[in-house]
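Q: Here's a structure I'd like to understand. Please tell me what each label means and how the values back it up.

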Amino acid sequence: NRLLGIDKKQPIVDFGSGTGRVTIFLLQKGYKICAVDISKKSLDNLKKVSSSLELKWLQTFSLIPENKKFKAIVGADILHHIDIDIYLLKFFDSLSKNGKVVFSEPGAFNLSWYLYLSIFHDWNVERGLVQCSYFNLVNKLEKYGFKNIKITGLGLFPRPFFNWSKTLCRFNDYLGNLPILKLFAYRYIIEAEK
């Protein structure tokens with residue numbers, strides 16, 4: 001929904017595409033995708049999967065292609081793995097006029113992430129989560145020239161707990177986007193324009 005109005009004839013970047021959870025979905029919706037990831041293995045797997053699904057327009061890159069402008073750069077769970085001071089500037093420079101970024105990230109002040117990551121993941125890999133606080137994201141986006149910044153809180157409690165009930169999912173999402181509670185949202189949807 002965040003990409004409505006983006007011309008499907010223009011390729012968009014899925015930054016940190018991995019094996020394609022965002023790329024495959026967008027290809028199925030008719031978008032042309034430039035998947036960017038540092039893992040050649042992930043990109044090779046992504047090419048195989050998209051080919052097996054007969055999805056037509058996919059290009060893969062280890063870096064965002066230079067000297068090309070994009071209408072959108074999207075990603076999921078990638079900002080907390082990179083130096084956003086470096087990459088937000090790169091994103092801004094890679095967007096065409098009125099281009100936009102759309103990212104989904106864990107909320108830095110949601111305590112459930114720290115419990116989950118301590119049990120199941122390596123903190124050396126996930127330590128960048130602290131840069132994904134509401135105020136830090138807004139400040140960094142403004143610093144690098146983005147406008148029309150919108151950060152939506154998505155859930156106050158871990159969303160997988162409520163997948164069995166659409167009503168509870170909607171209520172949880174509502175709580176996560178209330179003015180003060182948004183700071184502690186389980187996940188953020190981050191949108192901004194050039």
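A: Let's start with Glu-191: leaving aside its neighbours within four places in sequence, Glu-191 is in contact with Arg-2, Lys-100, Val-101, Val-102, Asn-148, Ile-149 and Lys-150, where contact means heavy atoms within 4.5 Å. Keep in mind that this is a predicted model, where local features need pLDDT of at least 70, side-chain atom pairs count only at pLDDT 80 or more, and totals for chains, interfaces and linings use all residues. Residues are numbered from 1 along each chain as its sequence is written, and side-chain values use heavy atoms, with hydrogens and water left out.

Q: Why is Glu-191 called buried?
A: Its relative accessibility is 9%. Buried means under 20% relative accessible area, exposed means over 50%, and partly exposed is in between (1.4 Å probe, protein chains only), so with 9% Glu-191 counts as buried. You'll find Glu-191 in strand E7 (residues 187–193). Helices (H or I, at least four residues) and strands (E, at least two) are DSSP runs, numbered from the N terminus.

Q: What makes the link between the side chains of Glu-191 and Lys-100 a polar contact?
A: A polar contact is a pair of N or O atoms within 3.5 Å; within protein, one must be able to donate a hydrogen and the other to accept it, and residues adjacent in sequence count only if both atoms are side-chain atoms. The Glu-191 and Lys-100 side chains come in at 3.4 Å, so they fit the 3.5 Å limit. The side chain of Glu-191 makes another such contact, with the side chain of Arg-2, at 2.9 Å. And Arg-2, Lys-100 and Glu-191 are linked in a network of salt bridges.

Q: How do you know that Asp-44 and Lys-47 form a salt bridge?
A: A salt bridge is a side-chain nitrogen of Lys or Arg within 4 Å of a carboxyl oxygen of Asp or Glu. For Asp-44 and Lys-47, the closest N and O atoms are 3.8 Å apart, so the pair passes the 4 Å test. Both sit in helix H2 (residues 40–52), 3 residues apart, about one turn of the helix. An α-helix has 3.6 residues a turn, so residues three or four places apart point the same way. Asp-44 is partly exposed at 28%, and Lys-47 is partly exposed at 41%. By this rule the count comes to 9 salt bridges.

Q: What makes the Lys-140 and Asp-85 pair a salt bridge?
A: Their side chains meet at 2.9 Å, N to O, and the rule asks for 4 Å or less. Lys-140 lies in helix H6 (residues 134–143) and Asp-85 in helix H3 (residues 84–94), so the pair ties together parts that are 55 residues apart in sequence. Asp-85 also meets Lys-143 in a salt bridge, at 3.7 Å, N to O. That pair again joins H3 and H6, so parts 58 residues apart in sequence are tied together.

Q: Are Lys-140 and Lys-143 buried or exposed, and how do you know?
A: Lys-140 has 17% relative accessibility, so it counts as buried. Lys-143 has 55%, so it counts as exposed. Their partner Asp-85 has 27%, which makes it partly exposed.

Q: How do you know that the buried residues of H7 line one face of the helix?
A: In helix H7 (residues 166–176), the buried ones are Cys-169, Asn-172, Asp-173, Leu-175 and Gly-176. Seen down the axis, they fall within an arc of 160°, so they line one face; the arc is that of the directions from the helix axis to the C-beta atoms. On the other side of H7, Lys-166, Thr-167, Arg-170 and Tyr-174 are exposed. What covers the buried residues includes strand E6 (147–154).

Q: What makes the phi of Asn-148 worth a remark?
A: Asn-148 has a positive phi of about 45° although it is not a glycine. Most residues other than glycine have a negative phi. Asn-148 lies in strand E6, and with 53% relative accessibility it counts as exposed. Glu-54 also has a positive phi without being a glycine, near 60°. Glu-54 is found in the loop between H2 and strand E3 (58–61), and it is exposed at 61%.
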